[in-house]
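Visitor: I would like to walk through this structure and hear the reasoning behind each label. Could you show it to me?

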Amino acid sequence: MASQGIRGPSYRFIQGNAKEMWNMKKEAMSKPMSLSQGHNIFHKLQPNQEYWAKIYGKNYLQWLGTQPQLVITELELIKEVLNNKDRVYLKSGAQRFVKKLFGDGLAVTEGEKWDKLRKLANHFFHAENLKGMVPAMMSSVEMMLERWKNYEGKEIEVFEEFRVLTSDVISKTAFGSSYLEGKKIFDMLRRLTFIVTMGFLKIKLPIISKFTKDEIESDMLDREISNSIMEMVKKREDKVTSGDEDNYGSDLLGGLIKAHHDADEMKQISMEDLITEVRSFYFAGQETTNSLLAWTVLLLAIHTDWQEEARKEAVNLFGQHNPIADGIARLKVISQIINESTRLYPPVVAFSRHAAKEVRLGNLNLPAKMELVISNLPLHLDPQIWGEDVYEFKPERFSEGVVKATNNNSAAYFPFGMGPRTCVGMNFALTEAKIALSMILRRYSFTLSPAYVHSPYAFITLQPQHGIQVVLQPL
Ligand code: HEM
C-alpha cells in the first residue's frame, strides 16, 4: 500500500493502532462540546479518523490489532465499495463480540442466505404492510404521551423516553408483543451492546480472550437471549399445534417461523437463523430510531422557529385527529427536518467491508482481505458539497430534494447506507419517526434544558452520552 502512496500510523506489535484509537476516543468522550461551534461532531465521534486523515490524506491505512484497515473518505471510492457491482466487497463478518449481537443474520451474512433473509424482510417492510402498522405505532406514541402528562412544565429526558417508545413499536409490529414483554431481551441486548462497544478496541490474544470476564458474561447473555426468543417461538408454534390458531401470524416473527417450517428447502431457514434474525431486528429496530428521534428533538428544542413550522404542518394536515398513513407521506417540512437531522447526527456512522479477493479500487490495487472502513460523516459535513454553512442546522437546504441539497452529489448523503445493503427498515423508521414527531408537536412545545450537556458518542449507534433534557410545555 505504501508503494501506491497510501500512508498511515505505524503498526505496533499485536495491538496495531488500537491503543491510540482507544486513547483518542476516551479523551474525546471526556470532554463535552459547545453547541455554539455548530454541529461538527466528526472530531468527537471518530477522533482518530479526523486526526490521521489530516496527516496522511483522505484515504489512509490504520491497524486494528493485526488487521489492516483502509479508511476511505473519497466519494467515488465509497460508491464503488458500497454499490459493490462485482460483489467483491463483502460485509466484514461479525467479529468477536459483535458476532454475539448480530450473529450471521441479515445485516452480516452474504450470498444465498442473504438473498433469502432479505426477501423475508422486504416482505415484512412492504408499503402495504407498513400502512397496517400505523395504528400500532400511534398507540405506542399515545402511551408515551400519557406518561408525559407527569412532566408538564418540567424537564424530561427524551433519549430514555424514545428507548421505551421504539422498543414498544418494534415489539408490537414485528413480534406481536409489547415493550414490557420484550423488556428482558432489550435489557440483555443493551448490556451486550455495552460489552461489544467497550471490547471493540481491546485487542487480546484469542486464547486469553476466551476466559475474560467480558467473554464469559457475553456468552451467558448470548444463551439467555436465545432461550427467551426460543420461548416466544414455542408459544406461537404451540398455538398452531393445539389448533388455537391456524397460522403463525402475519408479523415478522410469524413470517420467520413459517419460513422455518417451509417444506421447500430453498426457502427454509434454520432455528439458529430464526433466533439471529429476531435479535437483530430487536436491536436494529430500536436503537436506530431511538437515536433519530432524540437528536431531532434536540435540534428542534434549539431551533424553535423550525419547531413552530413543523407544528403548523402537523396541525394543518391532521387537525385534532391522529396521523393517517396517506397524510404521513405529505409531511414536507418534517421530512426536511429529519433529513437535516440525519445529515448532522446520522444514527449509524460507520460501515465496514472487506475485499473478498485482490481487487482494483479506483487507482489502488487492494490485497485480498483488506478491510475497508467508511464513515458517512466526512461527506455529510463536507463544505464543498453542502456549502460554507455545512455545520448549521438548515432543513431548507432539502426543500428541493437531495440532489439540489448536495450540489448534484446525492450519493454524498447516506444515513441509511447505499447499494444492495441499504437499510431494509428505512421506511419503517421514517414512518415511526414522523408519527411520533407529529403527535408530540401537536400536544407540546419544548425548549432545551439548561442541564443539557452536548456529548454525542458512538455506541454502535450515535447516542447522547448524558441524555437529552428538554422542558415540556403543554399547548
Ligand atoms: C433511523 C433509523 C435507521 C438508520 C439510520 C439505519 C441505518 C442503516 C444503515 C446505514 C444500514 C447499512 C449498513 C451497511 O451498509 O453496512 C442499515 C442496514 C440495516 N438496517 Fe437499518 N437503520 C435504521 C432503522 C432500521 C430499522 C427500524 C430496522 C428494522 C426494523 C433496520 C434494519 C436494518 C437491517 C436488517 C439492515 C441490514 C440490511 C442488509 O444488510 O441487507 N434499520 N441500516
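Visitor: Which residues in H1 meet residues in H3, and what makes that a contact?

Guide: Glu 20, Met 21, Met 24, Lys 25 and Ala 28 in H1 meet Pro 47, Asn 48, Tyr 51 and Trp 52 in H3. Contact means heavy atoms within 4.5 Å. Before we go on: this is a predicted model, where local features need pLDDT of at least 70 and side-chain atom pairs count only at pLDDT 80 or more, while totals for chains, interfaces and linings use all residues. Residues are numbered from 1 along each chain as its sequence is written, and side-chain values use heavy atoms, with hydrogens and water left out.

Visitor: What is the angle between H1 and H3, and how far apart are their axes?

Guide: H1 and H3 pack at about 115 degrees, with axes 8 Å apart. The axes are lines fitted to C-alpha atoms, for helices over the stretch in contact, and angles run from 0 to 180 degrees between N-to-C directions.

Visitor: What makes H1 (residues 18–30) a helix?

Guide: Helices are DSSP runs of H or I with at least four residues, strands are runs of E with at least two, and both are numbered from the N terminus. H1 covers residues 18–30, so the run satisfies that minimum. H1 lies across S1 and S2 (67–72), at about 95 degrees to S1. Helix H3 (residues 47–56) packs on the sheet too, touching S1, S2 and S8.

Visitor: Why are S1 and S3 at the edges of that sheet?

Guide: The open sheet has five strands in the order S1-S2-S8-S5-S3, with mixed pairing. S1 (60–64) and S3 (89–91) each have a single partner strand, so one side of each has no neighbour in the sheet. Neighbouring strands here are turned by 40 degrees against each other on average, direction ignored.

Visitor: How do you know that S5 and S8 pair?

Guide: Two strands pair if DSSP finds at least two bridges between them. S5 and S8 (residues 371–375) have five bridges, in the antiparallel sense, so they qualify as a pair. Phe 351 stands opposite Ile 374 in S8.

Visitor: Which strands form the three-stranded sheet, and in what order?

Guide: The order is S4-S12-S9, an open sheet with antiparallel pairing. S4 (155–157) and S9 (444–448) are the edge strands, each pairing on one side only. Five bridges join S9 to S12 (residues 469–474), and Val 470 in S12 is the bridge partner of Leu 448. Helix H13 packs on this sheet, touching S9 and S12.

Visitor: Which atom is the protein donor of the iron atom of the ligand, and what makes it a donor?

Guide: Donors are N, O and S atoms within 2.8 Å of the metal (3.2 Å for Na, K and Ca); water is not among the atoms, so sites may look incomplete. SG of Cys 423 is at 2.3 Å and is the only protein donor of the iron, so the atom falls inside the cut-off. Cys 423 sits in the loop between H19 (402–405) and H20.

Visitor: Why are the pairs with Trp 114 and Arg 421 called polar contacts?

Guide: A polar contact is a pair of N or O atoms within 3.5 Å; within protein, one must be able to donate a hydrogen and the other to accept it, and residues adjacent in sequence count only if both atoms are side-chain atoms. An N or O atom in the side chain of Trp 114 is 2.8 Å from a ligand oxygen, and the side chain of Arg 421 also has an N or O atom 2.8 Å from a ligand oxygen. Both therefore meet the cut-off. Helix H13 gives the largest share of the shell around the ligand, six residues.
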